[in-house]
Amino acid sequence: MRRHLLVASAGALLLATCTQLQPARPIPPRSRGAELYERHCAVCHGLDGRADTTVAELLRPRPNSFEQGLFKLVSTTNGMPTEEDLVQTLRRGMPGSAMMSWGWLPDPDLQALAHEVRNLAVRGRAESIHRTATITQQALSLDEATAIAERELLPGPTVDAGSPIEITPTTLDEGERLYRQHCASCHGNDGRGLPALQSWPTDGTWLWPRDFTSGYLRGAADHRALAFRIRAGMPGSHMPPTALSTSETNALVGYVKSLIPDSAGDRHVQWRHTVRVARLPQLPTATDAAAFAQLDGIRLPASPLWWRAEACSEVTLRAAHDGRELLIQLEWADATRDDQVRPGARLGDGIALQFAREQDPPLFAMGSRALPVNVWRWHAYDPKETAGMADLFGSTHQGLDVPTNLQPKPRSESIELGGIPSVATETGAGLPLTVTTTWQDGHWRATFRRSLAARSNREVDLAAPGPVLFATAVWNGSLDQHAGSKSITTWHVLELER
Ligand code: HEC
Ligand code: HEC
């Protein structure tokens with residue numbers, strides 16, 4: 001298997017081959033890319049692209065340091081991304097990870113961001129080469145190290161992606177033969193990925209041959225994207241590049257496509273939606289299922305931040321307002337109702353909505369000090385109240401009446417958060433919130449009700465004109481999801497019909 005790790009002393013070899021390399025694009029104004037990067041990306045990837053942030057620690061898979069030059073979604077023979085590869089990644093995000101779609105940003109912004117990623121990769125790489133040279137007492141200036149890094153990160157020629165062919169029994173047979181020969185050892189005969197090959201290295205990379213049937217595809221499911229993955233491999237993962245002829249590529253891609261169910265390809269892409277909230281003369285009661293069924297249900301894909309195949313993968317939202325109050329109902333699948341304290345359980349089931357006014361504060365970090373968010377949350381029980389209760393189970397204390405079935409009170413509150421450090425300290429400091437929940441046939445429904453007007457300056461004011469951003473987070477207690485190990489959606493836009 002080819003390794004994609006960069007070798008610091010590869011300069012000479014690269015100089016010899018660089019005549020085939022694709023020319024770099026004209027440089028857009030750098031300040032725009034740097035500004036966008038700082039605002040949207042640094043919370044996870046770090047200001048310098050080294051991904052040594054608090055948030056990155058909490059993600060599985062976690063982002064790579066850009067200086068390693070290991071990008072999974074590439075189209076080139078040397079495994080280095082073109083700026084177009086990076087733009088594609090940004091547009092679609094990487095479903096199944098915390099890397100959301102940034103497709104709502106205009107193209108010039110995506111290009112500026114792709115360019116910034118490359119700048120950070122070159123700078124990080126150059127500093128690393130320079131450091132090594134200093135330690136090994138080689139005379140190498142930072143400028144010279146930068147020139148080497150530039151070359152190492154230049155994308156090579158595009159791999160031969162072939163083109164879609166008419167699928168016939170013959171091409172499918174040929175595709176299947178190639179698949180069994182080259183791919184089934186990792187992805188399994190049925191395309192579901194062999195669980196035995198899951199590995200979770202200490203650096204937090206999550207290496208699991210993709211289950212093609214799940215629809216969690218990092219790259220798209222069209223011919224070109226699949227051909228690029230298969231021909232170029234996915235640097236930084238166990239997915240190897242392959243040397244196939246054009247006709248073999250075409251047949252194999254056709255077969256892999258047949259393993260991906262229709263419409264699954266983009267199912268988990270976290271596009272940003274605009275949700276228009278209808279104004280009704282009278283709001284339904286929270287438990288009036290028939291009235292809620294009349295409202296449009298908007299499907300919001302969700303991704304677990306700490307990968308679990310069984311974690312919540314989508315939330316359906318229905319909302320209405322009457323000019324005074326807003327009603328938001330969230331529905332999600334959860335086969336195990338978890339609202340009782342169990343031995344060893346840290347948190348039951350739960351759901352939260354976070355709101356912000358237009359500024360795109362850090363999503364997963366729940367805002368920042370400068371850009372706080374308002375979080376409405378419901379947890380089946382309050383871990384603080386139940387602390388110690390779970391420990392009583394199985395307790396051998398004589399004469400202690402230990403209940404076998406503890407059904408504590410749920411916790412619901414509206415709270416202001418300003419980044420991860422604030423989460424622990426703000427617990428219990430919120431305003432009361434009306435949340436009605438039901439669990440039926442493997443589905444939770446949580447209906448939040450609040451006045452449009454904010455009750456304090458720490459709450460989002462929904463009565464003021466203009467759109468509001470919102471996102472949701474879901475915890476599954478029986479998967480022991482707690483704190484950061486939840487499923488989240490990206491920011492969506494909420495617009496109230498006036
Ligand atoms: C909430 C955290 C988070 C934020 C915010 C975020 N990313 Fe990522 N990003 C990730 C994770 C996690 C991965 C790794 C996904 C994987 O390997 O499956 C990733 C991967 C990437 C990659 C590697 C792509 C590849 O081909 O392997 C690039 C480039 C990238 N992100 C750029 C950005 C940019 C630019 C932004 C801002 C517009 C951004 N990210 C915002 C979490 C984040
Ligand atoms: C050594 C194990 C291994 C082999 C052999 C292998 N893969 Fe993979 N494959 C992986 C892993 C691991 C991933 C997921 C990488 C990641 O996202 O971290 C993957 C991802 C993919 C993806 C990307 C799906 C997405 O998320 O967009 C495609 C397509 C794919 N493999 C097809 C193939 C085909 C076709 C073959 C045979 C030519 C093959 N793989 C051989 C391990 C393997």
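Start by selecting Asp441, which sits in the loop between β10 (434-440) and β11 (443-451). Keep in mind as you go that you are looking at a predicted model. Check the backbone here: phi of Asp441 is near 45°, a positive value in a residue that is not glycine.

Next, jump to the loop between α4 (54-57) and α5, where you will find Pro61. Select Arg60 together with Pro61 and look at the peptide bond that joins them: this bond is cis, with omega near 0°.

Now let's go inside the protein. How many cavities of 30 Å³ or more are there? The count is three. The largest cavity has a volume of about 830 Å³. To find its middle, select His45, Pro63, Met94, Ala98 and Met99, which are the closest to its centre among the 44 residues of the lining. Then colour three helices, α2 (30-40), α3 (42-45) and α5 (83-92), each of which supplies at least two lining residues.

Try colouring the lining of the largest cavity by residue class as well. You should get 28 nonpolar residues, 10 polar ones and six charged ones. Where does the largest cavity lie with respect to domain 1 (11-152) and domain 3 (274-496)? Both domains give residues to the lining, so the cavity lies between them.

The second largest cavity is your next stop, with a volume of about 50 Å³. Select Phe71, Pro81, Leu86, Val117, Arg118, Ala121 and Leu153 to show the residues that line this cavity. By class, six of these lining residues are nonpolar, none is polar and one is charged. Show helix α6 (residues 107-135) too: α6 gives the most to this lining, with three residues.

For the last stop, display helix α8 (residues 169-182) and helix α11 (residues 246-259). Turn the view until you can see the two axes, which come within 8 Å and cross at roughly 90°. That makes α8 roughly perpendicular to α11. To see the contact, show side chains on both helices. On α8, select Thr171, Leu172, Glu174, Gly175, Glu176, Leu178 and Tyr179. On α11, the contact is made by Glu248, Ala251, Leu252, Gly254, Tyr255, Val256, Ser258 and Leu259. Which classes of residue make up the contact of α8 with α11? Colour them and you will find eight nonpolar, four polar and three charged residues.

Notes:
Residues numbered from 1 in each chain as written. Chains lettered and ligands numbered in written order. Predicted model: local features only at pLDDT ≥ 70, side-chain atom pairs only at ≥ 80, totals over all residues. Heavy atoms only, no water. 1 Å grid on protein atoms, 1.4 Å probe; cavity = no way out; pocket = protein on both sides within 12 Å on 5 of 7 lines; lining within 4 Å. Points joined across faces, edges and corners; volume = space filled by probe spheres on them. Helix = DSSP H or I, 4+ residues; strand = E, 2+ residues; numbered from the N terminus. Nonpolar A, V, L, I, M, F, W, Y, C, P; charged D, E, K, R; others polar. Domains from an automatic or database assignment. Axes fitted to C-alpha atoms, helices over the stretch in contact; angles between N-to-C directions. Parallel < 35°, antiparallel > 145°, perpendicular 65-115°, else oblique. Contact = heavy atoms within 4.5 Å.
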